[in-house]
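Me: I should be grateful for a close look at one part of this structure, the place where two domains of a chain come together. Please set that part in the context of the chain around it.

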Amino acid sequence: MNEETGSATVLLVGVLLARLSITDIYARYVRVEMGPWLLVAGGLLAAAGLAGLLRSLLRPHETVLLSDHHEGHTERIGWLLLAPVVALLMVSPPALGSYSVDRSTIVIDDSGTTFDALPRGATVPMTLLEFDQRAADHAGASFGTTPVELTGFVAHTDDGTGFVIARFQIACCAADAVAAVARIVGVTGTAPGRDQWVTVVGTFDGITGGLPELRAADLRAIPAPVDPYE
Amino acid sequence: MAVTPTRTSHERRPTPARGTPATGLVIVAALVVLAAVLRPFLVELLVKPAVASWSTLFLAITIQAVPFLILGVTVSGAIAAFVPPGRIAALLPRRRLLAVPAAATAGAALPGCECGSVPIASRLVAAGVTPAAALAFLLSAPAINPIVLASTAVAFPGQPMMVLARFVASLAAAVAVGLVWTALGRDDLLATRRRWEPAPGPKVQMFLATARHDFLQAGGYLVVGAAAAATLQTLVPRSVVDAFADNIALSVLALGLLAVLLALCSEADAFVAAGLKQFPLTARLVFLVVGPMVDVKLIALQAGTFGPRFAAVFAPLTFVVAVACAVLTGWWLL
């Protein structure tokens with residue numbers, strides 16, 4: 001890889017990274033908070049690549065003279081950086097879904113936290129993780145009869161008594177994703193298909209087979225959220 | 001992974017005979033066009049959940065590492081361009097036995113994760129720092145910096161001893177590996193390889209050229225490592241290790257190996273460790289100490305930067321020392 005190829009690669013990676021950060025697509029791979037950093041990183045790379053490219057295109061003679069006794073070449077391995085670039089240009093792989101739920105450890109998180117009782121009356125939206133943690137705290141005593149609203153994708157389809165929804169938590173990127181899950185029971189009509197995103201309103205219905213259950217009062221299919229992780 | 005110097009025309013011919021300065025541009029542009037042409041085929045492949053999951057993990061690991069890599073090559077570029085040779089080595093104690101702990105402690109000042117410290121360690125060696133000290137820095141920096149310790153504290157609420165244990169065990173392992181490396185006296189493993197130096201010129205240009213070179217080199221190996229980690233994560237379900245949770249010795253080994261194959265960012269691994277509740281705390285400490293020091297992504301980066309023969313000795317050595325330090329610290333503190 002010579003100087004201008006290297007610079008062009010750096011420029012391309014930078015531009016792609018910056019572009020990725022201003023679309024919503026990056027949220028499928030890393031935490032949403034990383035967005036501004038990706039933009040900064042992409043800008044820096046693009047600037048460094050452009051500077052090198054301009055220099056070797058405008059003043060090739062100087063470059064040659066300067067690199068007289070030095071290795072003017074970068075190792076070939078740099079070419080591989082084009083692999084993720086090309087992959088992103090062509091396709092944007094989806095966020096992790098039901099396939100990965102089956103392959104990661106499902107954590108019913110007993111965080112040891114003691115939760116205050118939910119306010120009576122209005123429906124409370126909460127993350128699946130909090131739902132699981134509240135379920136683990138004194139067998140879900142904090143729920144009372146308050147309806148909660150959960151959002152996730154269908155991980156296991158209807159087995160006759162209910163289906164399982166899940167949502168991943170990520171700390172940094174999709175590689176460290178851990179799923180929180182809940183079982184939805186009491187749905188009448190057609191149950192949603194695998195990987196369909198849903199918002200369910202219902203009341204806590206105990207823990208069966210290690211999975212906290214929600215007795216659904218209302219179920220809506222929704223498009224995948226911009227940030228697919230909690 | 002043999003990296004032969006790719007010398008081209010202008011080095012053999014003294015005249016500036018680079019006839020096609022835009023060749024690289026053409027190749028890069030051709031790849032982009034090819035990508036667009038092949039798109040439908042790849043979209044088809046992504047219907048398979050295993051392929052989709054692999055490519056998501058591959059991109060996730062690569063993308064989240066890039067900002068940290070840039071931080072690393074900014075420092076490595078600055079070392080090459082702005083710091084006079086020998087200056088950093090002069091800052092460290094003359095005696096190796098003191099230089100190693102000093103360099104390991106200095107690692108606390110680099111707020112990043114493991115990808116960024118590889119190019120820095122390589123430049124430190126080039127700048128005349130004794131390899132054992134540079135390696136101690138390489139191991140400690142991603143494990144004991146304030147950001148990593150803070151994220152560990154957040155992931156283990158109410159268990160401050162976990163943070164202390166991570167700090168103590170990681171620092172001890174970095175120093176121990178540095179000292180063992182001194183005793184081994186195998187600096188030849190990393191000395192034989194051609195080292196890239198920027199052409200002398202204006203300092204800003206040297207800085208940019210070094211940063212670009214180091215980014216391309218580390219980035220290329222990062223892609224190899226990310227592909228390996230994504231493959232292992234896709235092929236080996238995490239639940240496999242659950243079988244070893246009940247036996248303390250096996251659980252230590254299982255989580256040590258899991259840290260190697262998951263290749264998590266050191267700023268995120270504490271959250272995964274916190275979720276591995278079925279394992280004893282000491283085994284989870286092993287996971288946190290091994291991860292930033294040895295994983296498939298790092299092995300690829302180290303093999304690329306210091307040579308495969310180096311990595312073949314260094315990675316197993318580090319793994320054994322890291323597990324030992326974590327177990328001893330866990331037995332003492334947890």
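Reply: In this predicted model, 4 residues of domain 1 of chain A are in contact with 5 residues of domain 2 of chain A. The two domains cover residues 3-93 (domain 1) and residues 100-222 (domain 2) of chain A. Between them, domain 1 and domain 2 of chain A bury about 340 Å², and 54% of this area lies on carbon and sulfur atoms. On the side of domain 1, three residues supply 83% of the area buried against domain 2, namely A:Tyr29, A:Val30 and A:Arg31, and no other three residues supply more.

The character of this contact may be described next. The residues with which domain 1 of chain A touches domain 2 of chain A comprise 2 nonpolar and 2 charged residues, with no polar ones. Although charged residues are present on that side, the count of salt bridges between domain 1 and domain 2 of chain A is 0. Polar contacts do occur: 2 residue pairs, with both residues at pLDDT 80 or more, are in polar contact between the two domains of chain A.

The wider chain gives this region its setting. Chain A contains 6 helices and 6 strands. Read from the N terminus, its elements follow the order α-α-α-α-α-β-α-β-β-β-β-β. Of the 230 residues in chain A, 55% are buried. When contacts in chain A between residues at least 6 apart in sequence are considered, 66% of them join residues at least 24 apart.

Within domain 2, which spans residues 100-222 of chain A, helix H6 (residues 128-136) deserves attention. The buried residues of helix H6 of chain A are A:Leu128, A:Phe131, A:Asp132, A:Gln133, A:Arg134 and A:Ala135. Their cover includes five strands of chain A: E2 (148-156), E3 (162-169), E4 (178-185), E5 (197-208) and E6 (211-222). After helix H6 of chain A comes A:His138, which has a positive phi, near 50°.

Helix H6 of chain A also holds a charged pair. The side chains of A:Arg134 and A:Glu130 form a salt bridge, with a distance of 2.8 Å from N to O. These two residues of helix H6 are 4 residues apart, about one turn of the helix. Their accessibility falls into two classes. A:Arg134 is classed as buried because its relative accessible area is 8%, which is under the limit of 20%. A:Glu130 is partly exposed, since its relative accessible area is 23%, a value between the limits of 20% and 50%.

Further salt bridges are found in chain A. One joins the side chains of A:Asp218 and A:Arg220, at 3.8 Å from N to O. A:Asp218 is partly exposed, with 35% relative accessible area, and A:Arg220 is also partly exposed, at 41%. In addition, A:Asp159, A:Arg183 and A:Glu213 are linked in a network of salt bridges.

Over all chains, the structure holds 9 salt bridges. One of them lies in chain B, where the side chains of B:Asp214 and B:Arg123 meet at 2.8 Å, N to O. This pair links distant parts of chain B, with B:Asp214 in helix H11 (residues 203-235) and B:Arg123 in helix H6 (residues 114-126), 91 residues apart. Both B:Asp214 and B:Arg123 are buried.

Key: Residues are numbered from 1 along each chain as its sequence is written. Chains are lettered from A and ligands numbered from 1 in the order in which they are written. This is a predicted model: local features need pLDDT of at least 70, side-chain atom pairs count only at pLDDT 80 or more; totals for chains, interfaces and linings use all residues. Side-chain values use heavy atoms; hydrogens and water are left out. Domain bounds come from an automatic or database domain assignment. Contact means heavy atoms within 4.5 Å. Buried area is the accessible area (1.4 Å probe) that two parts lose on being put together, summed over both. A salt bridge is a side-chain nitrogen of Lys or Arg within 4 Å of a carboxyl oxygen of Asp or Glu. A polar contact is a pair of N or O atoms within 3.5 Å; within protein, one must be able to donate a hydrogen and the other to accept it, and residues adjacent in sequence count only if both atoms are side-chain atoms. Ala, Val, Leu, Ile, Met, Phe, Trp, Tyr, Cys and Pro count as nonpolar, Asp, Glu, Lys and Arg as charged, and the others, Gly among them, as polar. Buried means under 20% relative accessible area, exposed over 50%, partly exposed in between (1.4 Å probe, protein chains only).
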